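Good morning, and thank you for making time for this short presentation. I would ask you to keep the sequence and the structure in view while I speak.

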Amino acid sequence: MTAGFIFAAAGAFALKYGFEASYMMQCQKLTPKELEAARTHFDQLHRYVLSDKGRSSVQFQFNLSPMVVGESLFAIYSNRTLTTVYLGPYQPQLTVEIDDNLTSDKGYDQLEFRLLQLEKMQGCQWVNEQGEPYWQPGARIAIEFLRAQVLDENELPKRFDVTIR
């Protein structure tokens, strides 16, 4: 697992974690050139393709205010499938369609949340080292992005809290 938010583009570069306390995000300011490369990378992310078997959905709720986030692109990246299961504007609540492939193995996955704030020219990423059973049909998942990295009960890095109901 990489420790940086990787935007692959012509001159590939990695963002190292920064912190802006007022935004409650782990973000890095971008130059105009880096912002354009990051935006291109978001457009090229591989998207998860649902199968016809066992379709259902899960609902995510995030603690970031849309007013603070501003105009943005938001991605939920599955390390299990190595694809993006959501790509679009940031929304504090959103529904993700799932299928039998995601719900197998009790629905465990290690997710990354990536945010590209266009107006603020920032890239943000949150990753936990510990997987969670996100993909349970009908689950309601609350994600609370943390102000700074902490260690979980297994002493693994944690950048967001997860509550699944």
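I shall begin with a single residue, F74. Leaving aside residues up to four places away in sequence, F74 touches F42, F62, Y86, L87, G88, P89, Y90, L94, F113, R114, L115 and F145. Please bear in mind throughout that this is a predicted model.

F74 belongs to a wider group. The largest nonpolar core has 28 residues. F74 is among those with the most contacts inside this core, together with F60, F62, I76, V96, F113 and W135. Which strands each supply at least two residues of this core? They are strand 4 at 56-62, strand 5 at 72-78, strand 6 at 83-88, strand 7 at 93-98, strand 8 at 111-117, strand 9 at 122-127 and strand 10 at 140-151. There is also a second, separate core of 9 residues, and L30, L35, L45 and L116 are included in it.

Let me now place these elements in the chain as a whole. The chain contains 3 helices and 11 strands. Along the sequence, their order is β-β-β-α-β-α-β-β-β-α-β-β-β-β. Of the 165 residues in the chain, 42% are buried. Among contacts in the chain with a separation of 6 or more, 70% are between residues 24 or more positions apart. As for the surface, the chain exposes about 8,600 Å², and carbon and sulfur atoms supply 51% of that area.

I turn next to the largest pocket. Its space amounts to about 150 Å³. Which residues line the largest pocket? The lining consists of Q59, F60, Q61, Q93, L94, T95, R140, I141, A142, T163 and R165. Strand 4, strand 7 and strand 10 each contribute at least two residues to this lining. Sorted by class, the lining has 4 nonpolar, 5 polar and 2 charged residues. Two of the names have been mentioned already: F60 lines the pocket and is also one of the residues with the most contacts inside the largest core, while L94 lines the pocket and is touched by F74.

Several individual residues also deserve attention, and I shall start with T84, in strand 6. Is T84 buried or exposed? T84 has a relative accessible area of 2%, and because buried means under 20%, T84 is buried. Again leaving out residues up to four places away in sequence, T84 touches L45, H46, R47, Y48, A75, I76 and Y77. Of these, L45 is part of the second core, and I76 is among the residues with the most contacts in the largest core.

The next two residues are neighbours in number, D99 and D100. D99 lies in the loop between strand 7 and helix 3, whereas D100 lies in helix 3 itself. With a relative accessibility of 0%, D99 counts as buried; D100, at 36%, is partly exposed. What does D99 touch, not counting residues up to four places away in sequence? The list is Y48, V49, L50, S51, K53, G54 and R55. On the same basis, D100 touches K53 and G54. In C-alpha terms, D99 is 7.3 Å from D52, although their positions lie 47 residues apart along the chain as a separation. For D100, the C-alpha atom is 9.3 Å from that of W135, at a separation of 35 residues.

Another pair far apart in sequence is P32 and M121. They are 89 residues apart in sequence, with their C-alpha atoms 7.4 Å apart in space. P32 is in helix 1, which covers residues 32-44, and P32 counts as exposed at 60% relative accessibility.

Finally, I draw your attention to the backbone at two loop positions. K106, in the loop between helix 3 and strand 8, has a phi near 60 degrees, a positive value in a residue other than glycine. E155, in the loop between strand 10 and strand 11, likewise has a positive phi, near 65 degrees, and is not glycine. Where do these residues stand in accessibility? K106 has a relative accessibility of 68% and counts as exposed. E155 counts as exposed too, at 60%.

That concludes the presentation, and I thank you for your attention.

How values were computed. Residues are numbered from 1 along each chain as its sequence is written. This is a predicted model: local features need pLDDT of at least 70, side-chain atom pairs count only at pLDDT 80 or more; totals for chains, interfaces and linings use all residues. Side-chain values use heavy atoms; hydrogens and water are left out. A nonpolar core is a set of buried Ala, Val, Leu, Ile, Met, Phe, Trp, Tyr and Cys residues joined through side-chain atoms within 4.5 Å. Buried means under 20% relative accessible area, exposed over 50%, partly exposed in between (1.4 Å probe, protein chains only). Helices (H or I, at least four residues) and strands (E, at least two) are DSSP runs, numbered from the N terminus. Contact means heavy atoms within 4.5 Å. On a 1 Å grid over the protein atoms alone, a cavity is a set of points where a 1.4 Å probe fits but cannot get out, and a pocket is an open set with protein on both sides within 12 Å along at least five of seven lines; lining residues have an atom within 4 Å of a point. Grid points are joined across faces, edges and corners, and a volume is the space filled by probe spheres set on the points. Ala, Val, Leu, Ile, Met, Phe, Trp, Tyr, Cys and Pro count as nonpolar, Asp, Glu, Lys and Arg as charged, and the others, Gly among them, as polar. Accessible areas come from the Shrake-Rupley method with a 1.4 Å probe; for residues, only the protein chains shown count as cover.
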